[in-house]
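This briefing goes through one protein model by topic. Look at the sequence and the structure first, then read the points below.

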Amino acid sequence: SSGINAEYGYYRSPSTNSSPFTNKLEDFLVKLNRHRNKIILLMGDSNTNLIDYGSSDHCTEFIDKMNEHGFAQLISRPTRIIDHSATLIDHIFTNVCHNVTRSGIISDSDMSDHLATFTCLLTDRDKITKKLNFESSGNTASYNRLINSDTTIKFKTNIELTDWNFVLDHDDAEEKLNTFLNKYEAIYNESFPKKSKKSL
């Protein structure tokens, strides 16, 4: 009734080796290829910090395998924040990015030490067609982010040089989160500036 053809959950304990999980994931993704025309969501906690893409072999392999089979990650902010780290280990992947209208995290959730994630998708074919026609007509944002090897290095350097202790000045968990996210977003915007599509 939701219009989503298939939803799958996954979990990998942090105490287990990543290789068996990755191998089983590959086998599962191969089986899903026959359903590529359906709306599919893959959601879970693999204890893989996606922020480490490019610097962690396991993380890079995990994301690359998902991408190879047509699945894109929808969550871009940390989902578990503690005193000494912020990690993106709760994921939502889908094979129909053009259906997505919104996705993110719910910061005021106190059910777990992980932040809740969500996504909203169009499932009505007529609405999807209208959205695609709207985007193809040029009525989308007139800019792109400048993301390349140089700006990525700049981003990583800025993250490493930032003294994050100021986040601990707040007692409330949500204030800590918002303080962290505001600084993280400022670094992201500075490192990956917006450029007019015409100038790219």
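The accessible surface of the protein comes to about 12,400 Å², and carbon and sulfur atoms make up 48% of that area. The model is predicted. Its secondary structure consists of five helices and 10 strands. Of its 200 residues, 34% count as buried.

**Contacts along the chain**

- Among contacts in the protein with a separation of 6 or more, 68% join residues that are 24 or more positions apart.

**The open sheet**

- Four strands form an open sheet in the order β1-β2-β6-β3, and their pairing is mixed.
- The edges of this sheet are β1 and β3 (72-73); each has a single partner strand, so one side of each has no neighbour in the sheet.
- Strand β6 (residues 90-94) pairs with β3 in the antiparallel sense, over two bridges.
- Within this part of the sheet, A72 stands opposite T94 in β6.
- Helix α2 lies across β1, β2 (40-45), β3 and β6, and it runs at about 20° to β6.

**Aromatic pairs**

- The structure holds eight aromatic pairs.
- One of them joins Y8 and F28 edge-to-face, with 5.0 Å centre to centre and 80° between the planes.
- Y8 belongs to strand β1 (residues 6-11) and F28 to helix α1 (residues 18-32), so this pair ties together parts that are 20 residues apart in sequence.
- Y8 has a relative accessibility of 29% and counts as partly exposed.
- F28, at 30% relative accessibility, also counts as partly exposed.
- Y10 and F62 form another edge-to-face pair, with 6.3 Å centre to centre and 65° between the planes.
- Here Y10 lies in strand β1 and F62 in helix α2 (residues 57-68), so the pair ties together parts that are 52 residues apart in sequence.
- Y10 and F62 are both buried.
- Ring pairs also link Y10 and F62 with F21 and F93 into a cluster.

**The largest nonpolar core**

- The largest nonpolar core has 34 residues, and those touching the most other members are L42, F62, M66, F71 and F93.
- Two or more residues of this core come from each of β1, α1, β2, α2, β6, β7 (100-106) and α5 (173-191).
- Helix α5 gives the largest share of the core, five residues.
- Which residues does F62 contact, leaving aside its neighbours within four places in sequence? They are Y10, F21, L25, S46, T48, L50, H91 and F93.
- F62 therefore appears under two topics: it is part of the ring cluster with Y10, F21 and F93, and it is one of the core residues that touch the most other members.

**A residue in a loop**

- N47 is found in the loop between β2 and α2.
- N47 has a positive phi of about 50°, although it is not a glycine.
- Is N47 buried, partly exposed or exposed? With a relative accessible area of 22%, N47 is partly exposed, because the buried class ends at 20%.

Note on methods:
Residues numbered from 1 in each chain as written. Predicted model: local features only at pLDDT ≥ 70, side-chain atom pairs only at ≥ 80, totals over all residues. Heavy atoms only, no water. Buried < 20%, exposed > 50% of the residue type's maximum accessible area, 1.4 Å probe, protein only. Contact = heavy atoms within 4.5 Å. Areas by Shrake-Rupley, 256 points an atom, 1.4 Å probe, with all protein chains shown as cover. Phe/Tyr/Trp six-rings, centres within 6.5 Å; stacked < 30°, edge-to-face > 60°. Pairing = 2+ DSSP bridges. Axes fitted to C-alpha atoms, helices over the stretch in contact; angles between N-to-C directions. Core = buried A, V, L, I, M, F, W, Y, C linked by side-chain atoms within 4.5 Å.
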